[in-house]
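I opened a new notebook page for this one and went through the structure bit by bit. Here is what I looked up, in the order I got to it.

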Amino acid sequence: CDIDFYSDKMEDLQGNIDRLRPYNVICCNRNRTAFDESLLSQLPNLKLLTSTGPGNQSIDVTLADRMGITVCMTDHPGYGNLRGSAMPTVQQAWSLILAYYRKVHFHSNRLKSDKNAWYPVGMKDQPQSLVGKTLGIIGLGN
C-alpha cells in the first residue's frame, strides 16, 4: 500500500481531479476541498472517503452514498448527541470555567512558590461558588 500526503490545497477543480483520480481511498482533513458532484463524479476509483471530526460540510455524503462511496468520519461512542471531537471540546470548556471560578491557577502557583501557602488568603482570592450562578453560552460554530 502506498500512501501519499498533500499539505497544499489545489485551488482549481481540474488540479484536484488530476491529483485524486487514481486513489481508491482519500483521507481529508477539515473542509479544504469540496467533495461535491463536480469532483466526485470524476473519481471513478474512489471507494472510501474519510474525514477527521464528526462532520465535514464539504463532503456531499448523500451523493457519495448514491455513487457507492463509503464516507467515514471520526466518532467517539458514548457521547450521546455530542459526537466526535465535540465532547472533548465541551469537557475542556467546562474544566476552564471551573478552574476560573475556583481560582485553580492562582492557588496552584501560590502553593508552588510558598511553603506556608496553606493559610487563608484575602476575600478577593477566595474561590467563588457556582451556586446560583447563570452561565450564558453563545455558539459561534457548528
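**Entry 1: the sheet.** I began with the strands. Three of them make an open sheet in the order β1-β2-β3, and the pairing is parallel. β1 and β3 (70–73) are the edge strands with a single partner each, so one side of each has no neighbour in the sheet. I also looked up the turn between neighbouring strands: on average it is 15 degrees, ignoring direction. A reminder to myself: strands of a sheet pair through backbone hydrogen bonds, either parallel or antiparallel. And a reminder about the model: it is a predicted one.

**Entry 2: who faces whom in the sheet.** Next I went along the pairs of strands. β1 and β2 (residues 48–51) run parallel, joined over four bridges. Following that pair, I found V25 opposite L48 of β2, and C27 opposite T50 of β2. Then I did the other pair. β2 and β3 are also parallel, over four bridges. There I noted L49, whose bridge partner in β3 is V71.

**Entry 3: stepping back.** I wanted the whole chain in view. How many helices and strands does the protein chain have? I got five helices and three strands. Read from the N terminus, the elements go α-β-α-β-α-β-α-α. The protein chain has 142 residues, and 22% of them are buried. I looked at contacts too: taking those with a separation of 6 or more, 32% join residues 24 or more positions apart.

**Entry 4: the core.** Which residues have the most contacts inside the largest nonpolar core? They are L20, I26, F35, L40 and L49, in a core of 15 residues. Then I checked which elements feed it: α1 (13–20), β1 (25–28), α2 (37–40) and α3 (61–66) supply at least two residues each. I picked L20 for a closer look. Setting aside the neighbours within four places in sequence, L20 is in contact with I26, F35, L39 and L43. Two of the names on the core list, I26 and F35, turn up among those contacts.

**Entry 5: helix α1.** Since L20 had caught my eye, I went through its helix. The buried residues in α1 are G15, N16, I17, R19 and L20. What covers them includes β1 and α2. Another reminder to myself: an α-helix has 3.6 residues a turn, so residues three or four places apart point the same way.

I then compared two residues of this helix. Is I17 buried or exposed? I17 sits in α1, and its relative accessibility is 4%, under the 20% cut-off, so I17 counts as buried. Leaving out residues up to four places away in sequence, I17 touches S38, L39, Q42 and L43. From I17 to L40 I read 23 residues in sequence and 8.6 Å in space, C-alpha to C-alpha.

Q14 is in α1 too. Its relative accessible area is 43%, which makes Q14 partly exposed. Q14 and Q42 are 28 residues apart in sequence, and their C-alpha atoms are 9.4 Å apart.

One more note on this helix: R19 has its charged end over the ring of Y6, 4.0 Å from the ring centre.

**Entry 6: a ring pair.** I searched for aromatic pairs, and the count came to one. It is Y100 with Y101: the ring centres are 5.2 Å apart and the planes stand at 90 degrees, so I wrote the pair down as edge-to-face. Are these tyrosines buried or exposed? Y100 counts as exposed, at 58% relative accessibility. Y101 is partly exposed, at 24%.

**Entry 7: an odd backbone angle.** Last stop: K103. Where is K103 in the chain? K103 belongs to the loop between α4 (86–101) and α5 (104–113). Its phi is positive, about 55 degrees, although K103 is not a glycine. At 21% relative accessibility, K103 goes down as partly exposed, because buried means under 20%.

How values were computed. Residues numbered from 1 in each chain as written. Predicted model: local features only at pLDDT ≥ 70, side-chain atom pairs only at ≥ 80, totals over all residues. Heavy atoms only, no water. Core = buried A, V, L, I, M, F, W, Y, C linked by side-chain atoms within 4.5 Å. Buried < 20%, exposed > 50% of the residue type's maximum accessible area, 1.4 Å probe, protein only. Contact = heavy atoms within 4.5 Å. Phe/Tyr/Trp six-rings, centres within 6.5 Å; stacked < 30°, edge-to-face > 60°. Lys NZ or Arg CZ within 6 Å of the ring centre and 35° of its normal. Pairing = 2+ DSSP bridges. Axes fitted to C-alpha atoms, helices over the stretch in contact; angles between N-to-C directions.
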